[in-house]
Amino acid sequence: MSPTPVRVLVVDDQPLVRMGNALVLDSADDIEVVAEAGSGEEGIAMAKMCRPDVVLMDVRMPGIGGIAATRAITAAHPDIRVIILTTFDIDEYAFGGLQAGASAFLLKSSTPAALTAAVRTVASGDGVVEPRITKRLIDHYAQRAPASGGDHRPPPLDRLTPREHDVFLAIASGLSNPEISAQLHLTPATVKTHVNRIFAKLGVRDRVHAVILAYTLEIV
């Protein structure tokens, strides 16, 4: 029996772009495009009706834009993951997507393979930002985030055990689970367990938001 495909909603006001992305995703055996929307308003309504696993969201649209639509969808449906598509490496409209709950950022120039890989990654509960914009995106966000103040350990991190704190610092440094496993001499299964517990304790959706929290708390 084949696994249940990842259900995707594609939201973009440009019909050719929307249809192209839908065709790319539908061509994957493990991904199914369940709906398309041409506006943020329609995207919000379709997310409620179809309950996809992942929403592929254009950031710039007339009316309700991608960021506002992302905020509405993630607030109403915390289990739905959103991938923001942006045209430029540094897109002022895209930064707010992190606060709105987006789990991934990709450039519209990304390859079909990168797009399908991002959908799979986000659907699995992880987050991803295209490597060439990751550092600038997070640095920009960190500059806008309020400083934690003081030099004591921030209260939210007190919820972590010493080992979980080590794993959190490794996540904040951009290490993958296999890299954390090698660095901390832990089994892959143990690392995965720690990561899941860290996300639950700190109230973050995925790795991207864990890194943002680390920058916000000024521990990296």
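This report describes the nonpolar cores, a strand pairing, one buried serine and the salt bridges of a predicted model.

## Nonpolar cores

The largest nonpolar core of the model comprises 23 residues, and those with the most contacts inside it are L9, V11, V55, M57, I73 and I84. Several strands and helices each supply at least two residues of this core: the strands are β1 (6–11), β2 (31–37), β3 (54–58) and β4 (81–86), while the helices are α2 (40–50), α3 (66–76), α4 (92–100) and α10 (207–216). Apart from this core lies another one, of 21 residues, which includes L157, I180, L186 and V204. As a general background, nonpolar side chains in soluble globular proteins tend to be buried together.

The surroundings of L9 can be given in detail. Leaving aside residues up to four places away in sequence, L9 touches A35, E36 and A37, then G43, M46 and A47, and finally P52, V54, V55 and L56.

## Strands β1 and β2

Strands β1 and β2 pair in the parallel sense, and their pairing runs over six bridges. Within this pairing, V8 has V33 of β2 as its bridge partner. Together with helix α1, which spans residues 15–26, the strands β1 and β2 make a β-α-β unit that is right-handed.

## The setting of S181

S181 is placed in helix α8, which covers residues 177–184. With a relative accessible area of 12%, S181 counts as buried, because buried means under 20%. When residues up to four places away in sequence are not counted, S181 touches L186, T187, P188 and V191; of these contacts, L186 is also listed among the residues of the core of 21 residues.

## Salt bridges around K108

The structure holds seven salt bridges, and D12, D58 and K108 are linked in a network of such bridges. In the pair formed by K108 and D12, the closest N and O atoms are 3.5 Å apart. K108 lies in the loop between β5 (104–107) and α5 (112–123), whereas D12 lies in the loop between β1 and α1, so this salt bridge ties together parts that are 96 residues apart in sequence. The two residues are described by their accessibility as follows: K108 is partly exposed at 31%, whereas D12 is buried at 2%.

K108 also forms a salt bridge with D58, and here the closest N and O atoms are 3.1 Å apart. This pair again links distant parts of the chain, since K108 belongs to the loop between β5 and α5 and D58 to strand β3, with their positions 50 residues apart in sequence. D58 has a relative accessibility of 4% and therefore counts as buried.

## A salt bridge within helix α7

A further salt bridge joins D166 and R163, whose closest N and O atoms are 3.6 Å apart. Both residues lie in helix α7, which spans residues 162–172, and they are three residues apart, about one turn of the helix. D166 has a relative accessible area of 33% and is partly exposed, and R163, at 34% relative accessibility, likewise counts as partly exposed.

Definitions and conventions: Residues are numbered from 1 along each chain as its sequence is written. This is a predicted model: local features need pLDDT of at least 70, side-chain atom pairs count only at pLDDT 80 or more; totals for chains, interfaces and linings use all residues. Side-chain values use heavy atoms; hydrogens and water are left out. A nonpolar core is a set of buried Ala, Val, Leu, Ile, Met, Phe, Trp, Tyr and Cys residues joined through side-chain atoms within 4.5 Å. Buried means under 20% relative accessible area, exposed over 50%, partly exposed in between (1.4 Å probe, protein chains only). Helices (H or I, at least four residues) and strands (E, at least two) are DSSP runs, numbered from the N terminus. Contact means heavy atoms within 4.5 Å. Two strands pair if DSSP finds at least two bridges between them. A crossover is right-handed if, with the strands pointing away from the viewer, the path from the first strand over the helix to the second runs clockwise. A salt bridge is a side-chain nitrogen of Lys or Arg within 4 Å of a carboxyl oxygen of Asp or Glu.
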